[in-house]
Amino acid sequence: MKLLHIDSSPLQANSVSRQLTERTVAQWVATHPGTTVEHLDLAVDAPNHLSLDSLGFKLGTAATTDIQRKENEISERLVSQFLAADVIVVGAPMYNFSVPTQLKAWIDRIAQAGRTFTYTEKGPKGLAGGKTVIVASTRGGMYSTNPALAHLDHQESYLKTVFGFLGITDIRFVRAEGIAMGEAAKATALSAADVTIKALTAVPANESSATLAA
């Protein structure tokens, strides 16, 4: 089993999402011996945002310059790495109600027609099914339990939508929210996240939503 460990926070040692991905990966490996891990740090090695030079894989055009060839190589490396993974653990802090731009740039590279999704006469169809995604979601405020703020969540909702669009049905969330609301709230959030990590990593990969909810 191959696990792809992705971090996107630039805060390094001060990042709560990095703490959660590290704990999640360690617990997964302990629970599922034989798992191999590859780490992708998007704060250190982020792909460029899409541009005219990097859109060849979306437009179906061949590279004609060295820059275009380099950008195509980056896109191919990232989508191949993603497709090779059985489990993907993603660190996704909430930035301005959404995800960090580094993570969005990675998603833009792996969302490739013909590789991770396709269009059919019945509409779009994901081609990257059979994977498990575990998202380490961190928020400064409380969104999941506050109806007044729930509509501002374009972080977890976006990730669930985009991974679902790629055909992935086993999407799990380890959440720590309220981490900017004082040390006591942060400690409570991290403690709750640890309980969730143990529960979610105990479930085998590629399970249905019904199994996870049971």
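This is a short group-meeting talk about one protein chain and a few of its residues.

Hi everyone. Before anything else, please keep in mind that what you see is a predicted model.

Let's start with the whole chain. How many helices and strands does the protein chain have? It has eight helices and seven strands. If you put a box around the C-alpha atoms along the principal axes, that box is roughly 55 × 35 × 30 Å. Now, is the chain packed up like a globule? For 214 residues, a compact globule would have a radius of gyration near 17 Å, and this chain comes out at 18 Å, so the two agree.

On to inside and outside. Of the 214 residues, 43% are buried. The accessible surface adds up to about 10,400 Å², and carbon and sulfur atoms own 56% of that. As for charges, there are 19 positive and 20 negative ones, and their mean positions sit 3 Å apart.

One more number for the whole chain. Take the contacts between residues at least 6 apart in sequence: 78% of them join residues at least 24 apart.

Okay, let's zoom in on the start of the chain. K2 is in strand 1. With 45% relative accessibility, K2 counts as partly exposed, because that value falls between the 20% and 50% cut-offs. Which residues does K2 touch, if we skip its neighbours within four places in sequence? The answer is T36, A84, A85, D86 and V87. Also, K2 and E38 are 36 residues apart along the chain, yet their C-alpha atoms are separated by 7.8 Å.

Just after strand 1, which covers 2–7, comes a loop leading to helix 1, at 16–31, and S9 is found in that loop. Is S9 buried or exposed? S9 has 1% relative accessibility, so it counts as buried. Its side chain makes a polar contact with the side chain of S15, at 3.3 Å. Not counting residues up to four places away in sequence, S9 touches S15, S17, R18, A43, P93 and Y95.

Q12 shares a feature of interest with another residue, so let me take the two in turn. Q12 is in the loop between strand 1 and helix 1, and it has a positive phi of about 50° although it is not a glycine. Its relative accessible area is 37%, which means Q12 is partly exposed. Then there's N96, in the loop between strand 3 (87–93) and helix 4 (101–110). N96 is not a glycine either, and its phi is positive, about 50°. N96 has a relative accessible area of 74%, so it is exposed.

Next, the other end of helix 1. Where does T35 lie? T35 is in the loop between helix 1 and strand 2, which runs over 36–41. At 11% relative accessibility, T35 counts as buried. The T35 side chain reaches the backbone oxygen of H32 at 2.7 Å. Beyond its neighbours within four places in sequence, T35 is in contact with M1, L3, W28 and V29.

Now for a whole element, helix 4. Why do we call helix 4 largely enclosed by the rest of the structure? Because eight of its 10 residues are buried. Those buried residues are Q102, L103, A105, W106, I107, D108, R109 and I110. And what covers them? The cover includes strand 1, strand 2, helix 2 (56–59), helix 3 (66–84), strand 3 and helix 6 (156–165).

Helix 3 was on that list, and E76 is in helix 3. E76 counts as partly exposed, at 35% relative accessibility. Its side chain makes a polar contact with the side chain of S80, at 2.7 Å. For a longer reach, look at E76 and A205: they are 129 residues apart in sequence and 25 Å apart in space, C-alpha to C-alpha.

Last stop, the far end of the chain. V203 sits in the loop between helix 7 (183–201) and helix 8 (209–213). At 18% relative accessibility V203 still counts as buried, because the cut-off is under 20%. The C-alpha atoms of V203 and F117 are separated by 26 Å, and the two residues are 86 apart along the chain.

That's my tour, thanks for listening.

Notes:
Residues are numbered from 1 along each chain as its sequence is written. This is a predicted model: local features need pLDDT of at least 70, side-chain atom pairs count only at pLDDT 80 or more; totals for chains, interfaces and linings use all residues. Side-chain values use heavy atoms; hydrogens and water are left out. Helices (H or I, at least four residues) and strands (E, at least two) are DSSP runs, numbered from the N terminus. The radius of gyration is taken over C-alpha atoms; the globule rule is 2.2 Å times the number of residues to the power 0.38. Buried means under 20% relative accessible area, exposed over 50%, partly exposed in between (1.4 Å probe, protein chains only). Contact means heavy atoms within 4.5 Å. Accessible areas come from the Shrake-Rupley method with a 1.4 Å probe; for residues, only the protein chains shown count as cover. Lys and Arg count as positive and Asp and Glu as negative; His and the chain ends are not counted. The place of a charge is taken as NZ of Lys, CZ of Arg, CG of Asp or CD of Glu. A polar contact is a pair of N or O atoms within 3.5 Å; within protein, one must be able to donate a hydrogen and the other to accept it, and residues adjacent in sequence count only if both atoms are side-chain atoms.
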